[in-house]
Amino acid sequence: VDTLRRGRDAEKWRSQVRACYQGRVAARRRGKSPYYYRRLIRRMGHVVPAGARVLDIGCGEGDMLAALNPAHGVGIDLVQEHVDRARRKHPELRFEHMRAEDLQHLDETFDYILISQTLSEIYDVVTLLRSLHTLCHDRTRLIIVNYSRLWQPALRVAEWIGIKPKPPLQNWLPGDEIRNLLGLAGWETIRTVGEWVRGLRPNWN
């Protein structure tokens, strides 16, 4: 009974996330301004070298993935409309309509796995992080970009006055909690920058 209830709760969560983002353009999908989005891409470019095998979880229209110039790029998103647009804009990359919890079905490995402001929208974060091991080799790096919880009051005000789209249900995860969840899921943190938890590798021990 508990498993069935948890499954229903998870699907209700995902349905609310999907409904919130349905019809939005990618730049507004995660509440990004064009300036913020460009800066985020630049910072990603310092971490992810061109020519890598890259997976972007919650890829929107695929613009960030394309900007990283991967040799092999795969993006997944919960919203079919985003996936359709991404395929039209970036036909050289692969995009799949998929729940993050089903990533093991990709059946391949990547050099870099990106979770950019998507982690807080995942119903079961530990299950997701554990499932990523099937997509890793011994030098894979997981890069997580997440809002600092300190921004929560300011973002709420921005939503209230209408300059930021209201997000779906979210788990506001502080950096320490993200690191704890990563440890539980078998990941080793290499470097943390502010609330930017980046450069993680699987703990194979």
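How much surface does the protein chain expose, and what share of it do carbon and sulfur atoms supply? The protein chain exposes about 10300 Å², and carbon and sulfur atoms supply 52% of that area. The model is a predicted one, and the points below should be read accordingly.

1. Overall architecture. The protein chain contains eight helices and seven strands. It has 205 residues, of which 51% count as buried. Taking contacts between residues at least 6 apart in sequence, 65% join residues at least 24 apart.

2. Confidence. Mean pLDDT for the protein chain is 77, with 63% of the residues at 70 or more. Of the elements in the chain, strand 1 (residues 53-57) has the highest mean value, 97, whereas helix 2 (residues 26-29) has the lowest, 44. Residues 25-32 stay under 50 in pLDDT, and the model gives this stretch 29 contacts beyond four places in sequence. The pLDDT is also below 50 over residues 195-199, a stretch with 30 contacts in the model beyond near neighbours in sequence. The author of any description of these two stretches should quote the pLDDT with it, under 50 for residues 25-32 and below 50 for residues 195-199.

3. Strand 4 and its partners. Strand 4 covers residues 110-116. Six of its seven residues are buried, so the strand is largely enclosed by the rest of the structure. Strand 1 runs parallel to strand 4, and four bridges join the two; in this pairing, Ile57 has Ile115 of strand 4 as its bridge partner. Strand 5 (residues 136-145) is likewise parallel to strand 4, joined to it by six bridges. Two positions illustrate the register with strand 5: Ile113 has Leu142 as its bridge partner, and Ser116 stands opposite Val145. Strand 5 is itself mostly covered, with seven of its ten residues buried.

4. Asp77 in strand 2. Asp77 belongs to strand 2, which spans residues 72-77. Is this residue buried or exposed? Asp77 counts as buried because its relative accessibility is 1%, and the cut-off for burial is under 20%. The side chain of Asp77 has a polar partner in the backbone nitrogen of Gly60, at 2.8 Å.

5. Met98 and its surroundings. Met98 sits in the loop that links strand 3 (94-97) to strand 4 (110-116). With a relative accessible area of 15%, Met98 is buried. Neighbours within four places in sequence aside, Met98 is in contact with Ile76, Asp77, Leu78, Leu103 and Leu106; the Asp77 in this list is the strand 2 residue of the preceding point. Met98 also lies 8.3 Å from Val79, C-alpha to C-alpha, with their positions 19 residues apart in sequence.

6. Helix 5. Within helix 5 (residues 80-89), the residues His82, Val83, Arg85 and Ala86 are buried. Viewed down the helix axis, the buried residues of helix 5 fall within an arc of 165 degrees, so they line one face of the helix.

7. Helix 8. Gly175, Ile178, Leu181 and Leu182 are the buried residues of helix 8 (residues 175-184). Their arc, viewed down the axis of helix 8, is 125 degrees, and they therefore line one face of the helix. On the face turned away from this buried side, helix 8 carries the exposed residues Asp176, Asn180 and Leu184. Gly186, which follows helix 8, has a positive phi near 85 degrees.

8. Positive phi outside glycine. Most residues other than glycine have a negative phi. Which value does phi take at Asp107? Phi of Asp107 is positive, near 55 degrees, although the residue is not a glycine. Asp107 lies in the loop between strand 3 and strand 4 and is exposed, its relative accessible area being 70%. Gln117, also a residue other than glycine, has a positive phi near 55 degrees. Gln117 is found in the loop between strand 4 and helix 6 (125-131). Is Gln117 buried or exposed? Gln117 is buried, with a relative accessible area of 5%, whereas Asp107 is exposed.

Definitions and conventions
Residues are numbered from 1 along each chain as its sequence is written. This is a predicted model: local features need pLDDT of at least 70, side-chain atom pairs count only at pLDDT 80 or more; totals for chains, interfaces and linings use all residues. Side-chain values use heavy atoms; hydrogens and water are left out. Buried means under 20% relative accessible area, exposed over 50%, partly exposed in between (1.4 Å probe, protein chains only). Contact means heavy atoms within 4.5 Å. Accessible areas come from the Shrake-Rupley method with a 1.4 Å probe; for residues, only the protein chains shown count as cover. A polar contact is a pair of N or O atoms within 3.5 Å; within protein, one must be able to donate a hydrogen and the other to accept it, and residues adjacent in sequence count only if both atoms are side-chain atoms. pLDDT is the predictor's confidence in each residue, from 0 to 100. The arc is that of the directions from the helix axis to the C-beta atoms. Two strands pair if DSSP finds at least two bridges between them.
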